[in-house]
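This report describes one structural model, moving from a single helix outward to the whole chain, its annotated regions and its contacts with other chains.

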Amino acid sequence: MKRYSAFAVAREALRYHMGWERAWTSPAPKRHYDVIIVGAGGHGLATAYYLGKNYGITNVAILEKGWLGGGNTGRNTTIIRSNYLQDPSAAIYEKARSLYEDMSQDLNYNVMFSPRGVIMLAQTEHEVRGYKRTAHANALQGVPTEWIDPKRVKELVPIINLEGPRYPVLGGLWQERGGTARHDAVAWGYARACSAMGMDIIQQCEVTGVRSENGRVVGVNTTKGSIDCDKLGMVVAGNCSHLSDMAGFRLPVESVALQALVSEPIKPCMDVVVMANTVHGYMSQSDKGEMVIGGGTDAFNNYTQRGSFHHIEETVRALNETFPMVSRLKMLRQWGGIVDVTGDRSPLISKTPVNNIFVNAGWGTGGFKAIPGSGWAMAELMATGHSPLAEEFSMNRFKEGKFIDESVAAGVAH
Amino acid sequence: MSTRLAKQGRLIDRSKQVEFTFNGTTLKGYEGDTLASALLANDQMLVGRSFKYHRPRGIVASGAEEPNALVGLGSNRRYEPNQRATTTELFAGLEAKSQNHWPSLEFDVGEINSKLFARFLPAGFYYKMFIHPKPFWKHVYEPFIRKSAGLGAAPDKELVDADTYEHFYFFTDVLVIGGGVAGLQAAKTAAATGAKVLVLEEKSFWGGRAPVDGGEIEGLAAEDWIAKTLEELGAMDNVTLRDRCMGAGVYDHGYVLGYERLTDHAPEAGGPRHRLWRIRATQVVTATGAIERPLSFAGNDVPGVMLAASMRDYIVNWGVMPGQKVVIATNNDDAYRTALAVHAAGGEVVRVVDARENGGGKLADEVRALGIRVENGRAIAKVKDGKRVTKVALCAQNGEGGAREEIEADAVAMSGGWSPVVHLWSHCGGKLNWDAANAHFAPDPDRAPTSHDGKPFVVTAGSASGPLGLGAVMADAAAAGAKAAEAAGRPAQAVAEIATNDVAEAQMEAVWFMPAKADIQLRMKSWLDYQNDVKVSDVQLAAREGYESVEHTKRYTTLGMATDQGKLSNINGLAVLADSLNSEIPQVGTTTFRPPYHPISMGAIGGEARGEVFQPLRRTPMHDWHEANGADFEPVGHWRRPYAFVRGGESVHDAVNREVRNTRENLGLLDASTLGKLVVKGPDAGKFLDMMYTNMMSNLKIGKCRYGLMCSENGFLMDDGVVARIDEDTWLCHTTTGGAERIHGHMEEWLQTEWYDWKVYVTNVTEQLAQVAVVGPNARKVLEKLNAQAGGGMDVSKEALPFMEWRDGEIGGFKARAYRISFSGELSYEIAVSASEGQAFWNALYEAGKEFGVMPYGTEALHILRAEKGFIMIGDETDGTVIPQDLNLQWALSKKKEDFLGKRAHTRSHMADPDRWKLVGLETVDGSVLPDGAYAVGNGVNANGQKNTIGRVTSTYYSANLGRGIAMGLVKHGPKRMGEIIEFPGTDGTIYKAKIVDPVFYDKEGEKQNV
Amino acid sequence: MLMLHCPFCDEYVEETELQAGGEAHLKRFGPGSSDDEFHDYLFTRENPKGVHFELWRHINGCGKWFIAARCTVTLEVFGTYPANCTEPPQWIKDKISEKRPGWTWREFAG
């Protein structure tokens, strides 16, 4: 694989960029792989990458029914943060965040990780207490965050209106090393690195069946034929129920639509990422200048990648109120993705009832920021059978009543 | 040069001249102009700079598809970035500024990107560069890239929109989107059946392109037919016509967004600026027309290069001639109409180059007959770079661009064929077919979007369906109108043939590269996406590097991701990609079309909801009194509750301490009206409440109260409150403030979906009642005084109304229900009166209470008073992860009952775990206040390197009564560790030491409340 | 933006008038049930790509709960019926069978 650098770009420029090689190959499937990962989104590709990098397992195929990075990896609002309340969440999201710090160098692909800082606004007394609690928890979890007052919020976010008549800003939880990254580049960078390790990324290859013998997986059937494997990782987000049905077990998830929108691009006016949970809106500005805005999920099962417009209205109302100048911008594009949500809205990184089938799912609205940590933990679990980062995310937790509930910091009762 | 013609201009009113400014220079136009036509009339060819290379750019199109002519419009509180000049109607005083250049439009330093560095900045260059050294991305590269990012300047950071917006509902049988001749015909046909019809036209004028393109309909010139049809439709009660209103998005089940621009053309007119129409249509007809495609030749982005039909629009509609010496390049017959229009308006067509070997049909003959030189099989090799067109090099289409002939020209009209506007068809899942002959994607009527009934609900009409000739357009439109009306439940009708007079055209031929084998130097100058600076060579590079999916290519090159969303570039880009992959266009596929069709304002999406009416505000009957008496409010759900009543010269903190002390020493009044009050009634009400609450409610005696806990089926504590038995089959359940609607809904859900055969009704009477907590040693005295004043009333003595009982009666002449319950540990009466009497009752209490030292108190004093007594608070001690056992509330978990919500859940292994953290009191060693939310640390770290924790603070306050900090918390094995000192690190590095104590800090025996 | 028929009001109502309530026809497991039964009752939801039966409440209307038979892929609604039904009415089953021959959902089938 040719290394990417400014020098390489300059060299290629002289020959009109005719010399660039493919970022990843496009092979036909082999008959057998040590590991098959289903789903070439961020999480699947990261799992494969760390299987190779950390455990030397490179006889790996990543199967993708569409195009790599074409699911939620390419549809999210690219926020990266790890200021979670509960220990297991903080551990895996911080692992992910720290891997993002070095990802461009590690993959030799600029994923544009930009630690521009993330503020979670507190707009009720209840939120103030919740975020102060989170700040305390984060200090013990090794996640640097701080509680900041309204004045500091305004310095960081000049376009904010602190004195909204309904929900004045009372402060915020600030994570300086949170930020954003270029979502597609994360998938492409991992794909290129996996391909360079000799792994096969097989696109346009849909899994149509999962084969197991004596409670142990032996392979999958696909639209490109039958492929054998020793271990199988299911990393397919919104489609995980469909896949687990093929393998003969059920997952505690439901699939719903999550929506986002962007404004037309404008010159930089907001450097940090702002999340306002009381009014249900969050916003950042991309390097292209678009205001990238996330909204809420529908409460009904949906596979259409189209959400209900009233969520967009609710989100935009909140932003007009919190950042009044937004009212003069225009919505350029809205879209939806299908996210899989578990009973406690925390993910699954877990063994399954079928031996050597592992599942990584249920990231709900928070998957992008977790990609490298999730892949790291999933690879560890698949390679060694045990991962401290993944341990609490086992699907057994629902049976034990041991939930990982992150809604705590912004709960509703009073 | 571009000039205003002496004649022509069907849309402008030459008697009404309008002044406006562009980059500070005052220019003149006419009423009816768009900003684009007025700029062209003033020879303003250069209108902006491109995103990446800062190339000089001019106006390319005449409608919503325009990628280049974006301006900052207005100023101050009416400034708006990225407005399209082509869709901006001119008005007196309009201020426009061009974008994305420094220091000026004419001289832009950024153009160096184009002149020197373009070669080094191919698609995706940033993925390959700026990787080392690591800190440079955040601190050097990204700031630089960000600075050059974005188009228009951001509105001022403190800007508050001067305009208002509104939402509007509309329900219709048939919605027709597009008011061109096809839309009008479809509407007319549908309306004839009696169907309710709404027609939306995004522009300020009706009829679309037809008056420009010519032809006759039903024996009338297009323009006359439009006027007549509009008149007919306008006279029909079942038809609503709306111009300046765009169909923005089609959503599931026939939901459509309309975007009406009411005052963009008259900012001082008053009223809302934009109106968002939320339309439910049984059937939607999209008569959205077609968009002309550019041709990919080198220099196709130089100002003065324009779509052929758009040039015709400027001539005919606005009387503007964009160039005096025009070269026309085409692969179809339609562009010949532009040659005719230019000629008719007195311009010179210096050459028509038709890429087709066999050239055009009748229209070409007409052009030739005028003496215009038409060359078949020819192409534009290159337009000379610059700020406007000066020279055009011609070559053979079927070659590499050699043997060029250079001619002088000041404008180029190009036509690469037409693509139906399929956006609205596609938004909700309508599928497309590739029409190879016409080189476009057209809607597949057999795969239409389907509605709630599984039936198709979108029909296309006119050129939005694919056909382009006037006759075919009108026939298709009439059929679409009939089909939609029938599908909406109206009688079927035979569609009469519509006579038209139009010219037969020769078949177009796809031309994706001009010339066909253009070399790399030409391809690097052939623009696909003008705004995002994506060239033919970029798409080819993406394909070479394996970004083979159209979505990959789009994202890698940013093709089609600019503010025009690829309206001009998508098909051309797809064709280049398909060619690079040796594939066919249908195999490469198309990207998903997402709403809106054209950007819509955030103001319109938000609608009226802003400021005071952002969300509903709930006020208690005593709200105004609170406001007048220094209340510092806090939002609690949609309620506002006084946090404290602040007196002059006092801080909020002082006020809280005063209120806390006074309530313990004298008399406090709390507005408790926000507490939820649910009446549960019926023969099975007791049985039902036994399921809802963890403790027994069926055996509660009439006249008595009981504190109850509610768990979710998952076992977690979700609400608490006092329940009173009113009569044999009636209970009144108090909930938390935030819980009233939630718990009401929770009860209804169980009653309606699980125990639907139980005879129980639940009613939420929260807002029917005002409730006042009368609290403190003087509570009884004030009530007795009120009764004495009224000449009698309810006996509120200890004997007649003991603790945890309630009575109905009169207090001070007010019909009231009094509960002897206490959330403060003091002698306390919670008294409910009719909401309409709440303020009067409060006033009476306040007046009578003055001699007893009455003071109102707020939520913070309420919290402190309860914490001093060790009472838990839902939302503080609970957070959705806490079960009653954690709070030592086992006593409230009935052992007698076989079942209640949460009972089964509590037996799961983690919930029965003896290591769960349990409620204790916490006292700092030095009397200070523990920080909110602090965690207690144990030994060592966990497997993930995080410090082990053994507990956390759930509530912490300064107790003015005790003169020290008090707190409650959950601690591992807490109740067994009384007296132990544990450490709570603060976020500032301070270690707080606190002793584990009993959570009841004040009046441990409970003597004060039971007097 | 869904539009569902409220069987109590006999009106097609906007999604904004409705509250979604998740999977319908759940069988409750309480004290005495096994861990697996209780787990599946609370957490193992049907998540079909196709016909689904789900609860809705006409919350900004009559307040009543009803059940919708809806396809999660096309959003076609085959019918709605009151929540106090133990199984879908035959006319809804027939309607689904017409469009989705061979359909099954938990214990129900065409």
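In this predicted model, helix 14 of chain B is followed by Gly546(B), a residue whose phi is positive, near 100°. The helix that precedes this glycine is mostly covered, since 8 of the 9 residues of helix 14 of chain B are buried. Those buried residues are Val536(B), Ser537(B), Asp538(B), Val539(B), Gln540(B), Leu541(B), Ala542(B) and Ala543(B). They pack against helix 13 (520-523), strand 32 (527-529), strand 33 (534-535), helix 15 (550-557) and helix 16 (570-580) of chain B.

Ala542(B), which lies in helix 14 (residues 536-544) of chain B, may serve as an example of this environment. Is Ala542(B) buried or exposed? Ala542(B) has 28 other C-beta atoms within 10 Å, and it is therefore buried. When neighbours within four places in sequence are left aside, the contacts of Ala542(B) are Ala123(B), Gly124(B), Tyr547(B), Thr553(B), Tyr556(B) and Thr557(B). Asn433(B), by comparison, is 109 residues away from Ala542(B) along the chain, and the C-alpha atoms of the two are separated by 25 Å.

**Chain B as a whole**

Chain B has 1011 residues, of which 59% count as buried, and its secondary structure comes to 25 helices and 53 strands. Taken along the principal axes, the C-alpha atoms of chain B fill a box of roughly 115 × 70 × 55 Å. Among the contacts in chain B with a separation of 6 or more, 66% are accounted for by residues 24 or more positions apart.

An unreviewed UniProt entry annotates residues 173-427 of chain B as "domain: FAD/NAD(P)-binding", and the annotation "domain: GCVT N-terminal", likewise from an unreviewed UniProt entry, covers residues 622-897 of chain B. The computed composition of the two stretches is set out below.

| Stretch of chain B | Helix | Strand | Distance between end C-alpha atoms |
|---|---|---|---|
| Residues 173-427 | 25% | 36% | 20 Å |
| Residues 622-897 | 28% | 29% | 41 Å |

**The nonpolar core**

In soluble globular proteins, nonpolar side chains tend to be buried together. Here the largest nonpolar core holds 472 residues, and Ile62(A), Val285(B) and Val412(B) are those that touch the most other members. The largest share of this core, 10 residues, is contributed by helix 12 (residues 470-487) of chain B. Which residues surround Val412(B), leaving aside its neighbours within four places in sequence? Val412(B) is in contact with Gly304(B), Val305(B), Met306(B), Val327(B), Ala329(B), Val383(B), Val389(B) and Val392(B), once those sequence neighbours are set aside.

**Contacts between chains**

Between chains B and A, 100 residues of chain B are in contact with 94 residues of chain A. Helix 4 (residues 135-148) of chain B supplies the largest share of the side of chain B that touches chain A, namely 6 residues. That side of chain B divides into 43 nonpolar, 32 polar and 25 charged residues. Strand pairing also links these two chains, for strand 16 (residues 330-342) of chain A and strand 34 (residues 600-601) of chain B pair in the antiparallel sense over 2 bridges. Within this pairing, Ile600(B) of strand 34 of chain B is the bridge partner of Met331(A).

The contact between chains A and C takes 19 residues from chain A and 18 residues from chain C. On the side of chain A that touches chain C, the elements giving two or more residues are helix 8 (240-247), strand 12 (253-263), strand 15 (291-301), helix 9 (309-322) and helix 12 (397-400) of chain A. The residues on this side of chain A divide into 7 nonpolar, 9 polar and 3 charged.

**The sheet of chain C**

Chain C contains an open sheet of 4 strands in the order 3-4-5-6, with antiparallel pairing. Strand 3 (19-23) and strand 6 (77-82) of chain C stand at the edges with a single partner strand each, so one side of each is left without a neighbour in the sheet. Neighbouring strands of this sheet are turned against each other by 30° on average, direction ignored.

Within the sheet, strand 4 (residues 51-57) and strand 5 (residues 65-71) of chain C run antiparallel and are joined by 7 bridges, and Ala68(C) in strand 5 is the bridge partner of Glu54(C). Helix 2 (residues 90-99) of chain C lies across strand 4, strand 5 and strand 6 of chain C, and runs at about 170° to strand 6.

Methods: Residues numbered from 1 in each chain as written. Chains lettered and ligands numbered in written order. Predicted model: local features only at pLDDT ≥ 70, side-chain atom pairs only at ≥ 80, totals over all residues. UniProt positions renumbered as here; feature names shortened; annotations may be inferred. Buried ≥ 20, exposed ≤ 12 C-beta atoms within 10 Å, placed from the backbone. Contact = placed C-beta atoms within 7 Å. Nonpolar A, V, L, I, M, F, W, Y, C, P; charged D, E, K, R; others polar. Pairing = 2+ DSSP bridges. Axes fitted to C-alpha atoms, helices over the stretch in contact; angles between N-to-C directions. Core = buried A, V, L, I, M, F, W, Y, C linked by C-beta atoms within 7 Å.
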